[in-house]
Amino acid sequence: MWHFSTLKTCILQSIHMTRLRATRATAHEIRMLDYSFCCRCTGMFLVALSFAYFAKALSGSYLKSTITQLERRFDIPSYLIGVIDGSFEIGNLLVIAFVSYFGAKLHRPKIIAMGCVLMSIGTFIIALPHFIIGRYEFETSVRWLGNATRNPAPCAVDTNPSDWCCEGESNLSMWIYVLLGNVLRGIGETPIQPLGISYIDDFATEENAALYVGCVHTISVVGPVFGYLLGSLCARIYVDIGFVKMESITITPADARWVGAWWLGYLIAGVITLLSAFPFWFLPRALPVSEGQSPEKCPPEQTSFIKNSPLLKQKYKADEHSNFIEMAKDFIPTLRTLLGHRVYLIYLCVTIIQLNSLIGMVTYKPKYIEQHFRQSASKANFLMGVINIPAVALGMFSGGLLMKRLKLNLMGAARFAFGTSLIGYVLSLFFFALSCDNANVAGVTVPVDGASFGKHSVFESCNQACSCSESEWDPVCGNNGITYMSACLAGCTSATGSGKNTIFSNCSCVGVAGNFTARAGQCNDKDDCDRMFPYFLALSVVTSFIISLGGTPGYMLLIRCIKPQLKALALGFHALATRTLAGIPAPIYFGAIIDTTCLKWGQKRCGGIGACRIYNTTAYRIAYLGLTMSLRTVSFIICIPGFFLLAQQLKQEETNAFHSTVTNGGAELEALQKEEFVISNSNQTQRICDNGTDRETRL
């Protein structure tokens, strides 16, 4: 409510101010209203930008929470999910350099508003395939009879599926719509960060800028909390809810074939993103600089909202009268100047490498929790939302607050960011010790029917009488605590019950004397995982908080190490480089490496590899954590020359400032002497005039 009431007040004050100027109101009246307008619209922009950050973070985190859902729904491996996730950065790559450069010279709030509208459209397009393709048909080896109380024998299943199975197979390529929608989301998100942050930094005092940026980034981290919670909620709902009878569904959310209502969250996120665009249409092109002064002390030229006022003081004025051709000619020289800044280049290299590690880790962290600790997608998303993300938000806010309280300079901010990252790196090494054993799956991780170890085979003497397919994944849990890929491969000859309560009997491969039965679903053999999982969560929270403490000081280092005229371009080019060299490739090669640890691939109805059903947890842990830590190690090595270059730059700036002070001091002394001479002559002339007047009066 405050959000919209403030917007209404801001608009009404703008109209009232225009009327006052037209009626030639007193300077005091205009100054008082200008000050009120300044305060309200500054707060309005901060709220609007925070909400836009929240909306884009919510939809982005929701996409990451649906990774396994999209894999299973479209039968695609992890590296293709990485391509979809990286398509967001491709959208940024297409326009970010031009938006950052030309947008800084145009009406920034309206450009941000247009970006939010595009993000909303892209989010709706991602959900579109659900309404085009048919119902989800999960992989199963037994075709249940609708009205039968006794199911057909699992061993009698036909391993040569009929042609009807392939109908609609081409519809699975609908994941292309998800990719295209994410590209459009990336294009729409482009102006929010560089134009929004530079807008705040232009009109805020240096001591408040860090706190403001920290607040905005904190709100942006709150977005993923709701994004992952929304993902957790939708993951518990079956994908075709309302169109199928849930009693006929034989799988649970813990099953590797379960697909939640992934499309529902995108509709909700699209509406929220569309609402975030509304306030920016009514905000002015420029705001007065916040000097922390009262309206009585502030001169009119410092509180005026009129953009054409020559007395308006800004840290960086928009070049309002420049045409497009003039701005384009200046682009290449300005970019060359920016890339010639050595500290900026070092900072760019470090952040690119660290973001490769961070993006790859965050993208597949819910999946890591699912596969390594054998948790459901709903629980993994819930824990990410309520435990891990709040720790990051608190760390980023605390980092901005500490920077303001400690009054850190450039070198202090750099040391603070490096120190927190290093401590988090050391703590992250303990993740390697939190291991979990592979699930016991016959023919995959353990031998069938007591066969010798080595290259396991799903076919043994116990199931030779059955015509089974080794490509099917319809797991059953035997009474011996071992999971079999299908009831057929378990050697079961009969089945009773229906749905999740199906019981298979006479299972020759189970081998428990007097009780050769199995039940539908995978065995819950995760006692060791349940013991390790709380330690994993606790360590994850601590490391996330410590690493995020250096986020805001590190970001302010980027803003302060360059000239104000290059700020918007520097932020834009930084986002361009990190998206190109980190956001796009990191999810792809992380996903490709994770794919190498797959033990059992699902099969598409008409042939071809689908989504992975089970991973080698030991290999997964080493590949996932090892790649993450290796990238961070390289970034620390590059930081060493960066500190030397930063120290040289600060020393050079101090020397230049000293010489400038001496030179300006001499000029000011000469000016003061001339001013005193003029005042002295003026006083002498005044005394002569006064004496002459007195004489005339006396006469």
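**Exercise 1. In this predicted model, determine how close the N and O atoms of Lys64 and Asp85 come, and decide what kind of contact the two residues form.**

Solution. Begin with the charged groups: the closest N and O atoms of Lys64 and Asp85 are 3.1 Å apart. A salt bridge requires a side-chain nitrogen of Lys or Arg within 4 Å of a carboxyl oxygen of Asp or Glu, and Lys64 and Asp85 do form a salt bridge. Next, place the two residues in the fold: Lys64 lies in helix H2 and Asp85 in helix H4 (residues 78-103), so the pair ties together parts that are 21 residues apart in sequence. Finally, consider the surroundings, for which the cut-off for buried is under 20% relative accessible area. Lys64 has 17% relative accessibility and therefore counts as buried, and Asp85, at 8%, counts as buried as well.

**Exercise 2. Find the salt-bridge partner of Lys56, and identify the ring over which the charged end of Lys56 sits.**

Solution. The structure holds six salt bridges, and one of them joins Lys56 to Glu189, with the closest N and O atoms 3.2 Å apart. This pair links distant parts of the chain, since Lys56 belongs to helix H2 (residues 27-65) and Glu189 to helix H6 (residues 175-189), with the two positions 133 residues apart in the numbering. Lys56 counts as buried at 17% relative accessibility, and Glu189 counts as buried at 2%. Turning to the ring, the charged end of Lys56 sits over Tyr53, 4.7 Å from the ring centre. An arrangement of this kind is also found for Arg135, whose charged end sits over the ring of Phe243 at 4.0 Å from its centre.

**Exercise 3. Locate Asp474 in the chain, and work out which residues are linked with Asp474 in a network of salt bridges.**

Solution. Asp474 is found in the loop that runs between helix H16 (410-428) and strand E2 (476-478), and its relative accessibility of 10% makes Asp474 buried. The side chain of Asp474 is joined to that of Arg257 by a polar contact of 2.8 Å. Arg257 in turn meets Asp255 in a salt bridge, with 2.9 Å from N to O. Taken together, Asp255, Arg257 and Asp474 are linked in a network of salt bridges. The other two members are buried too: Arg257 has a relative accessibility of 1%, and Asp255 has a relative accessible area of 9%. As a last step, look along the chain: Asp474 and Glu139 are 335 residues apart in sequence, yet their C-alpha atoms are separated by 6.7 Å.

**Exercise 4. Classify the geometry of the ring pair Tyr615 and Tyr620, and name the aromatic cluster to which both residues belong.**

Solution. A pair of aromatic rings is described by the distance of the centres and the angle of the planes. The structure holds 21 aromatic pairs. In the pair of Tyr615 and Tyr620, the ring centres are 5.2 Å apart and the planes meet at 65°, so the pair is edge-to-face; the cut-off that decides this step is an angle over 60 degrees. Both residues are buried, Tyr615 with a relative accessible area of 3% and Tyr620 with one of 1%. The cluster that contains them is formed by Tyr368, Phe373, Phe431, Phe533, Phe536, Tyr615, Tyr620 and Tyr624.

Definitions and conventions: Residues are numbered from 1 along each chain as its sequence is written. This is a predicted model: local features need pLDDT of at least 70, side-chain atom pairs count only at pLDDT 80 or more; totals for chains, interfaces and linings use all residues. Side-chain values use heavy atoms; hydrogens and water are left out. Rings of Phe, Tyr and Trp (its six-membered ring) pair if their centres lie within 6.5 Å; planes under 30 degrees apart count as stacked, over 60 as edge-to-face and the rest as tilted. Buried means under 20% relative accessible area, exposed over 50%, partly exposed in between (1.4 Å probe, protein chains only). A charge sits over a ring if NZ of Lys or CZ of Arg is within 6 Å of the ring centre and within 35 degrees of the ring normal. Helices (H or I, at least four residues) and strands (E, at least two) are DSSP runs, numbered from the N terminus. A polar contact is a pair of N or O atoms within 3.5 Å; within protein, one must be able to donate a hydrogen and the other to accept it, and residues adjacent in sequence count only if both atoms are side-chain atoms.
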